[in-house]
Amino acid sequence: MPPLIFDAAGARSDESTGILIPAPKEPSKGIELYSPGYYAACTVGGILSCGLTHMTVTPLDLVKCNMQIDPEKYKSISSGFGILLKEQRVRGFFKGWVTWVPTLLGYNAQGACKFGIYEFFNKYYSDIAGPEYATKYKTLIYLAGSASAEVIADVALCPFEAVKVRVQTQPSFARGLSEGLPKFVKSEGVPGLYKGLSILLTQTHRISQKQYHSSTNANIAPLFNKYVDRTNVHSWNSIIAELARGGDSFEALQAFKSMRRLSLIPNRSTFPCTIKSCSALSDLYSGKQAHQQAFVFGFEGDVFVSSALVDMYSKCGELGHARKLFDESPLRNVVSWTSMITGYVWNDNAHEALLLFKELLIEESEDKGEEACLDAVALVSILCACSRISGKCITKGVHGLSMKKGLDGHIGVQNTLLDAYAKCSELGASRQVFDGMVEKDDVSWNSMIAVYAQNGLSIEALEVFFAMANSTDVKCGAVTLSAALLACAHAGALLSGKCIHNQVVKMGLEQNVIVGTSIIDMYCKCGRVVMARKVFDHMKEKNVKSWTAMISGYGMHGHGRDALDIFYDMKRAEVVPNHITLVSVLAACSHAGLVDEGWRCFRAMKKEFDVEPTVEHYGCMVDLLGRAGLLMDAHDLIKEMNVRPDFVVWGSLLSACRMHKNIELAEISAKMLFELDHTNCGYYVLLSNMYADAGRWRDVERIRVLMKFHGLIKPPGFSMLELKGRVHVFLVGDKEHPQHMKIYEYLKKLSKKLLEVGYVPDRTSVHHDVDEEEKEMTLQVHSEKLAVAFGIMNSVAGTTIQVIKNLRVCGDCHTAIMLITKIVDREIVVRDSKRFHHFKGGACSCGGYW
């Protein structure tokens, strides 16, 4: 660039063109700091004279538009922009001009030099505007070269709040922006921004799934312009309210802006819906402007305006401002109280919400001599707080209050109450609320299905699902199907899962990322990892949960290499793994014995993915090292942990000690486990079994006495399998099943064939001090053997038999089932508490490593 020379009068001229650039004058009040002409002239060394002339006579906003329309005409501006940035006097004006400079840079950087632009902008803008502004804009610039130039321009021309609005209101814009998300999330300091935009992009996708592309504004605007008096503030209030109620929050704010441009004075009815629109968009900047307008016109103390402001500040994360407004409000009604309570719940502060509710009851009672005038909306907010803290007594108290106020029949209150009881582990109370509902909507059904599925009551969940499917009042949606698929996954109900998958296809929800992820999880947990992979490959859109489900599925089936391949594909697709993904990767390495790969992943967590290792990650590493026989390394890792080891970590070490028969280290682990959770009988049983294996029967008796002292009872082991749409459950020595006589007869025949092919009973799997013959009799009636025999007897030859066991499969049954597959020429899949075992042709997929 030719040098710029300053003259004595403070003006400066360009050496090559001789154009004189006058010194800047002090700005007038209410006018931008310096004229566009001056700053256009600052770049004269890198711009054609026609462009310079055009810019000096063009308003700033029009310059921005021209740069979008004809970027080639202005592309040389960027070469002179460094001088502009270095001028200390341009700080105030820089914030306005910075919006169109990234536009130009976005056009010039399609597929090229994005890192150079990133560094350029990061350096200059951080120096002048400060890091709080640089974070936002450097992120947007980082999109250059990954998203389309038009999208970059649109983003750069808008404040971040407006970007969020565009994402919500324009699906095409959201799709373009999503192309660059995986890249700019890697920029330091922007995970919150990525999270916010990704949530909005998800919301936009859901809207498009519902085929909701039209805006109420398209219908209202022509009628408003044709029939309504634009000089009447009440007309504007109506249009703002209608847009806000219709979900067109961005257009509602535009309407408010248009009204103010006409110099119309807003009244008390103008602000609630305007502020509500800011709240819906989480647009703090516009919300503060609306707050200032309400203050100027004297409506800040209005109860409805103040309530809307409290809600807006809460939804934007400014809880302190919300509480200050609430406390300073001269008049408060139930809406004000509800807004503040909801704000606390929204910001995960349930305890403060309940304390405020207590204040509401006291204040209303003192002021009016009667109980608080609560409505259904207030009770829903309170019950949401109850569900967050899992307070059983509080939930019952609020339930009683709702009955006293006659609000217990409100469907919103009932749905929230159902969830609150479930979070308190009061599933019976949840079901009573559900059964007592006169009318049930889809939320009611979905909640009940999800409650059962998440608490392991899969059969009950599927019963509710099928009842809903037979109901004519409601229709199943994506949420319903996902909850039902979760129930199928927990129960291993493959047939039911396939039926639901067929329903998904009929409803056209195959590409719904939530449903697709649920199908992957269902097939993996039902032992059909190949089918899960087909669904995964068929999905056009995958989120981090989809990738994690596939990695976890391969891991639990012992396919560690396949799990790592998916993980590497995930990184190549520039999907950023979260801490759950990394837990799944480490677990996959553990199940496959991939020690070196596990160490590499563990060490890369912080450096490569910015994920701090948590107790879950340490637990996986301890399990990995322990299974590989590196017990001392596992113990040393526990000592080096930067977080306190929990029962998962010590439990993993105890299990490894059981596997490798290290009683000394097992006793250390058990001691720590008894201190952390003395009510878990699994630890006592594991240590007792180790003593039994070593023949230390006195120690076995001591552990059993200790269990009895604490009132602990070992949960019974059971196995179950699904056959012809029914789930069959078997206990050890079960004689309750209708076919138990036939099962035992078949097992006798099978035992003879097992002995012929070299089967030797593993009597160490019986942890009782009895004679050898009795041990053999006990081994023959283990639940998994009964389930396998029943499956062989009642299924078609050649089909796969799948069994689910609630505990770890014993060594003797593991050996027996391997040989059974060779005898009957069938594949048998067993899912125990640790992993899947695929038995076929006399071998197991675990390779004896479980």
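## A friendly tour of a predicted model

Strand 6 (residues 801-805) and strand 7 run parallel and are joined by 4 bridges; two strands count as paired if DSSP finds at least two bridges between them. This is a predicted model, in which local features need pLDDT of at least 70 and side-chain atom pairs count only at pLDDT 80 or more, while totals for chains, interfaces and linings use all residues. Residues are numbered from 1 along each chain as its sequence is written, and side-chain values use heavy atoms, with hydrogens and water left out. Helices (H or I, at least four residues) and strands (E, at least two) are DSSP runs, numbered from the N terminus.

**The strand pair**
- Across the pairing, Ile-804 stands opposite Arg-831 in strand 7.
- Strand 7 (residues 828-831) is covered on both faces, with Ile-828 and Val-830 buried on one side and Val-829 and Arg-831 buried on the other.
- Here, buried means under 20% relative accessible area, exposed means over 50%, and partly exposed lies in between (1.4 Å probe, protein chains only).

**Helix 30**
- Helix 30 (residues 478-491) has 14 residues and reaches 20 Å from its first C-alpha to its last, close to the 20 Å expected at 1.5 Å a residue; the expected span is 1.5 Å times one less than the number of residues.
- Of the 14 residues in helix 30, 10 are buried, including Leu-481, Leu-485 and Cys-488.
- An α-helix has 3.6 residues a turn, so residues three or four places apart point the same way.
- Just after helix 30 comes Gly-492, with a positive phi near 70°.

**Cysteines**
- The structure holds 0 disulfides (a disulfide is a pair of cysteine sulfur atoms within 2.5 Å).
- Cys-524 is in no disulfide, and its nearest cysteine sulfur, that of Cys-526, is 9.5 Å away.
- Cys-524 is buried at 1% relative accessibility, and Cys-844 is buried too, at 13%.

**A surface patch**
- Phe-647, Val-648 and Leu-676 make a nonpolar surface patch of about 230 Å².
- Leu-676 belongs to helix 41 (residues 663-676) and is partly exposed, with a relative accessible area of 31%.
- Patches are made of residues with over 30% relative accessible area and no salt bridge, with nonpolar side chains (Val, Leu, Ile, Met, Phe, Trp, Tyr) joined within 5 Å and like charges within 9 Å.
- A salt bridge is a side-chain nitrogen of Lys or Arg within 4 Å of a carboxyl oxygen of Asp or Glu.

**An exposed loop residue**
- Val-760 lies in the loop between helix 44 (740-756) and helix 45 (772-780), and counts as exposed at 59% relative accessibility.
- The C-alpha atoms of Val-760 and Asp-812 are 8.6 Å apart, although 52 residues separate them along the chain.

How values were computed
Areas by Shrake-Rupley, 256 points an atom, 1.4 Å probe, with all protein chains shown as cover.
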